[in-house]
Amino acid sequence: TTFQDGGEEVEDGAVYNVTLKKVQIQQAANKGARWLGGEGDQLPPEHTVRQYETSKIRAIKAGTLEKLVENLLTAFGDADFSYISIFLATYRAFASPRAVLELLLDRFGNLETSSHGEVANLNSLESEMVLRAEIASVLRAWLDQCSEDFREPPDYLCLLKLLDYLKNNMPNSDMESRVQNLLKQFQNQEVEAVDGFCSTSSSDLVDGEELEISNPEEFSSFQDHVVAEQLTYMDVMLFRRVVPYHCLGCIWSQRDKKENKNLAPSVRATITQFNAVTKCVISTILGTRELKIQQRAKIIEKWIHIAHECRILKNFSSLRAIISALQSNSIYRLKTTWMCVSKDILLMYEELSEIFSDHDNYLTSRELLMKEATSKFANLDSSEKENQKKSQKRLQLQKNKGVMQGTVPYLGTFLTDLIMLDTALQDYVEGGLINFEKRRREFEVIAQIKLLQSSCNSYCLIPDQKFIQWFRRQRHLTEEESYKLSREAEAAADTNILSPKSQKSMVKRISTLFLGTDVFTPPKEQALKSSPVGGSSGESTDSASVSSCEFNHSETEDVCMTPISSPEDPLKKISSCPLSSCSPDSSMSTASSGVSSLPSFLLASTCTGSTPASTRASWDSVPCSAPRVLPVYNRQSEGSCIIRVSMHGLHASVYKSILITNQDRIPDVTQRALLKHNLEPDAVEDYELVQVISEDKELVFPRDANVFYGMNSHVNFDFILRKKA
């Protein structure tokens, strides 16, 4: 079969595109081959004769409403077989159901006054039967594909008009009884709720119920796959009820006008559900102020697992909602909490997020959606072997049930496409004709929605009322509330381990870190109390670090990014401090903001010999009369040095500086690093310490290794603390 462009045909009130279709209708043996008894389909091409037939396909390109309705009756004769479906799916953009029905029944359906060509010319019983069959075919398709067009409470004028026509022209037909049943159904449902269980408004709650913030224990009691299945159940019920023409750009783009507050209710319902899932994720993570860092991280991990279960169920709507919530500003900024999320789950999260990458107009999600739409089960690919194993195991459980799965799309992609088409293409062309080529383009998108709607019939999910009631009860946080709670959660994480204490306690911790287990009382303690150590008032001082990043809660973000270009400046100042300046009254300044100063008493004790006897031994190699060389970053000196430890998953410039000696082993350093990053120090066994050698090389330390002697001293002293796989 070959096609050839036949140009355009112009009639009064219509313009048609013409395509010539050349089809082979017969292949027979030529004269010599027939004499030898050969058959055409068993001979090489040179011994056969082919016969072709050329047919003309007319597809209306633009026309008046009358011509478009008339074309419903002649489309099959013109070989434009998809025209009826395209018209019924898109005509609401330029006409009302009543206008189309009146044209179809009054102008073309009245056999006595019909101006239809065949009737006017032949006026025969045969032509009447043909016309009646054509109209019946259009009406049948209309009732099959767009029965919602006739829902016009309380009068149902279009449905009554159609019923009257059928009684006069097709009495006692199946279609007449079908229309009567449809009318009764609509009358029994004067006001149809889109779907009662999925709404999260307080009006749908049972008497006595109130909206509440999620209880972490109650949420944790639901298994991950159960939550995913229930979200999918709600999404499926709503998506199947989406009326395709509600998605048209010319209709959906008018939703914000006051007079259109009830426009496109089926689409609004899916968006309400999407937003409800997003807000539920945020409220479960932030709603409870008393949560510890690890507890909040566990909830994030649970939602990532639920998102993965949605991916297995091919529910891209709730999957997108969960990912959007985790990427929202109030959740994304919980950097201390994200540090506690395990590496495997973070990789899973990254892979799921990549599905909705905006690269090349969301090409990845579009291709994946079309691939999944025609498959029985999800096609799962993971770069992480462990995630791949888990995915395949869960998928196998689904396959063992023997029930195919549908596909629930993220409807926003289709809405965006239809709005873009509506903006880019004109509604009318020259002569005031309706641009039907635009409707053909729109139908390409709507056809995808219809295909996915039909696939949703494959789901076999049972509602869990316990979860649905819990989901409906959730009180959603506003953006302001969620951001405020996010800041409070991060601030609590910062001060969870290093809570504000007296300056005396702060001094003891610093002196213990630098000078051993014996603690001394610094001179001029009153002066220290009046001048906070390491920063101005209002800032949380990181007392366990020589040059650590401070957390200033008056700033928008709670992580201080220290420039890498001059990491040694503060310590160079200290190490080059002349002996005369090493006195109890001297104060040190920093070369860059965000880096803590050394307390003056530390320098004084080092230079003046006031160090306790128990710790002085480690400094005996340097006479007290000479300046003491304090440990610095990137250089091992006098059995000690300073390393930088950052958490896996964060930028390398977000680090904590830690002093280590030649006596420190992995558990000691790991515990100190956890403390510095405001994590539970008891979780030492769950983490490993790694030195970064280069972009593609790293040094992993054994459990009881001596860090000072085991580290590579020829590269930067940059370390990463990460959860064990």
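These legends go with a set of close-up views of a predicted model.

**View 1. The whole chain, before zooming in.**
This predicted model has one protein chain of 725 residues, and 48% of them count as buried. The chain carries 30 helices and ten strands. Its accessible surface comes to about 35400 Å², with 50% of that belonging to carbon and sulfur atoms. Take the contacts between residues at least 6 apart in sequence: 69% of them join residues at least 24 apart.

**View 2. Leu139 in the nonpolar core.**
The largest nonpolar core counts 154 residues, and F87, L139 and W303 are the ones with the most contacts inside it. Here we look at L139. Setting aside residues up to four places away in sequence, L139 touches L101, L104, L105, L162, Y165, L166 and M175. The other two names, F87 and W303, come back in the helix views below.

**View 3. Helix α3, mostly covered, against α21.**
Helix α3 runs over residues 83–90, and seven of its eight residues are buried. Those buried residues are Y83, I84, I86, F87, L88, A89 and T90. How far apart are the axes of α3 and α21, and at what angle do they pack? The axes of α3 and helix α21 (residues 436–455) are 9 Å apart, and the angle is about 90°. An angle from 65 to 115 degrees counts as roughly perpendicular, so α3 and α21 are described as roughly perpendicular to each other. On the α3 side, Y83, S85, I86, F87, A89 and T90 make the contact, while α21 brings F436, R439, R440, E442, F443, I446 and K450. F87, one of the top core residues by contacts, is thus part of this meeting place too.

**View 4. Helices α10 and α13, crossing obliquely.**
Helix α10 covers residues 224–240 and helix α13 covers residues 293–312; their axes come within 8 Å and cross at roughly 55°. That makes the pair oblique to each other, and the crossing is right-handed. From α10, look for D224, H225, V227, A228 and L231; they meet K302, W303, H305, I306, E309 and C310 in α13.

**View 5. Helices α13 and α14, running roughly antiparallel.**
Keep α13 in the frame and bring in helix α14 (residues 316–326): the two axes come within 8 Å and cross at roughly 155°. Angles over 145 degrees count as roughly antiparallel, so this is how α13 and α14 are classed. The crossing of α13 and α14 is left-handed. The α13 residues in the contact are I300, W303, I304, I306, A307, C310 and R311, and they pair up with F316, S318, L319, I322 and L326 of α14. W303 also takes part in the contact with α10, as do I306 and C310.

**View 6. The loop between α6 and α7, with a cis peptide bond.**
Which residues are joined by a cis peptide bond? The bond links P153 and P154, with omega at about 5°. P154 sits in the loop between α6 (125–145) and α7 (157–169). Y156 is found in that loop as well, and its phi is near 55°, a positive value in a residue other than glycine. Y156 has a relative accessible area of 1%, so it counts as buried.

**View 7. Asn172, in the loop after α7.**
N172 lies in the loop between α7 and α8 (174–188). Its phi is near 60°, again positive in a residue other than glycine. Is N172 buried or exposed? With a relative accessible area of 75%, N172 is exposed.

**View 8. Ile251 and a partner far along the chain.**
I251 belongs to helix α11 (residues 249–252). Its relative accessibility is 10%, so I251 counts as buried. R92 is 159 residues away along the chain, yet the C-alpha atoms of I251 and R92 are separated by 8.6 Å. Leaving out neighbours within four places in sequence, I251 is in contact with R92, Y245, H246 and L263.

**View 9. Leu689 in strand β8.**
L689 lies in strand β8 (residues 687–694) and counts as buried, at 1% relative accessibility. Which residues does L689 touch, not counting those up to four places away in sequence? They are V645, I666, V669, T670, L699, V700, F701, V707, F719, I720 and L721. A673 is 16 residues from L689 along the chain, and their C-alpha atoms are separated by 9.4 Å.

Conventions
Residues numbered from 1 in each chain as written. Predicted model: local features only at pLDDT ≥ 70, side-chain atom pairs only at ≥ 80, totals over all residues. Heavy atoms only, no water. Core = buried A, V, L, I, M, F, W, Y, C linked by side-chain atoms within 4.5 Å. Buried < 20%, exposed > 50% of the residue type's maximum accessible area, 1.4 Å probe, protein only. Contact = heavy atoms within 4.5 Å. Helix = DSSP H or I, 4+ residues; strand = E, 2+ residues; numbered from the N terminus. Areas by Shrake-Rupley, 256 points an atom, 1.4 Å probe, with all protein chains shown as cover. Axes fitted to C-alpha atoms, helices over the stretch in contact; angles between N-to-C directions. Parallel < 35°, antiparallel > 145°, perpendicular 65-115°, else oblique. Left-handed = near helix turned anticlockwise from the far one by under 90°.
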